[in-house]
Amino acid sequence: MDLEEYEKKMKEEQEKNQILDLINKNLIDLCQDQFGNYVIQHILEKHGGKNCPQIYQALKGRIYDMSIHKFASNVIEKCLFNGTDEQKTEMINELLNKQDNVHDSLISLVKDKFGNYVIQKIIEYAEPDQKEKIIQKILSTDIAKKKDNYSKHVISYIEKLGYNV
């Protein structure tokens, strides 16, 4: 590689790092943006959770709020799909260990028009003990009997897993 090629490569690397810095500084806004959420999803798809710890770090403490957001909920689903086992467990535990009433948080996600999709992904990717805990919390309410507009999707998913509802 000659000097000119080396300088060109270094300039490209510098530009890439500047873009990544901008993304990191605006991560939450991008997750909630109509088009920006696709940028974050693409990064997760291309590089996986193992290579994107800054995304998971930025979302810590915000999993519930992002799960009920129209655009950010798609990022949360992609994080669950592409994350390492540890990252997934941390995200799910954040919801299970939420400071306010965990039961109500889970149920409100089940009833939410965006959160219900996140709950289905959470159940899909949860460790067996987490999965059982979540399903039992959902089934211990009367939500299975009511089956409103959005919770019916979660209940149907739980039924497909072989649970009697």
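## Salt bridges and a charged patch

Lysine 16 and glutamate 13 sit three residues apart in helix α1, which means about one helical turn separates them. Helices here are DSSP runs of H or I with at least four residues, numbered from the N terminus. As general background, an α-helix has 3.6 residues a turn, so residues three or four places apart point the same way.

Before going on, a word on the model: it is predicted, so local features need pLDDT of at least 70 and side-chain atom pairs count only at pLDDT 80 or more, while totals for chains, interfaces and linings use all residues. Residues are numbered from 1 along each chain as its sequence is written, and side-chain values use heavy atoms, with hydrogens and water left out.

Back to that first pair: lysine 16 and glutamate 13 form a salt bridge, with 3.6 Å between the closest N and O atoms. The term covers a side-chain nitrogen of Lys or Arg within 4 Å of a carboxyl oxygen of Asp or Glu. How many salt bridges turn up in the whole structure? A search finds four, and the table shows some of them.

| Pair | Closest N to O |
|---|---|
| Lysine 16 and glutamate 13 | 3.6 Å |
| Lysine 78 and glutamate 45 | 2.7 Å |
| Lysine 60 and glutamate 90 | 3.3 Å |

The lysine 78 and glutamate 45 pair links distant parts of the chain, 33 residues apart: lysine 78 is in helix α6 (residues 72-82) and glutamate 45 in helix α3 (residues 36-47). Lysine 60 lies in the loop between α4 (53-59) and α5 (63-67), and glutamate 90 is in helix α7, so this pair ties together parts 30 residues apart in sequence.

How covered are these residues? Buried means under 20% relative accessible area, exposed means over 50%, and partly exposed is in between (1.4 Å probe, protein chains only). Lysine 16 counts as partly exposed at 43%, and so does glutamate 13 at 36%. Glutamate 45 is partly exposed too, at 47%. Lysine 60, at 43%, is partly exposed, as is glutamate 90 at 35%.

Helix α7 (residues 85-96) has twelve residues and spans 16 Å from first C-alpha to last, close to the 16 Å expected at 1.5 Å a residue; that expectation is 1.5 Å times one less than the number of residues. Its buried residues are Gln87, Lys88, Met91, Ile92, Leu95 and Leu96.

Finally, Asp2, Glu4, Glu5 and Glu7 make up a negative surface patch. Patch residues have over 30% relative accessible area and no salt bridge, with like charges joined within 9 Å. Glutamate 7 belongs to helix α1 (residues 3-25) and is partly exposed at 48%.

Technical notes
Patches are made of residues with over 30% relative accessible area and no salt bridge: like charges are joined within 9 Å, nonpolar side chains (Val, Leu, Ile, Met, Phe, Trp, Tyr) within 5 Å. Accessible areas come from the Shrake-Rupley method with a 1.4 Å probe; for residues, only the protein chains shown count as cover. Lys and Arg count as positive and Asp and Glu as negative; His and the chain ends are not counted. The place of a charge is taken as NZ of Lys, CZ of Arg, CG of Asp or CD of Glu. Helices (H or I, at least four residues) and strands (E, at least two) are DSSP runs, numbered from the N terminus.
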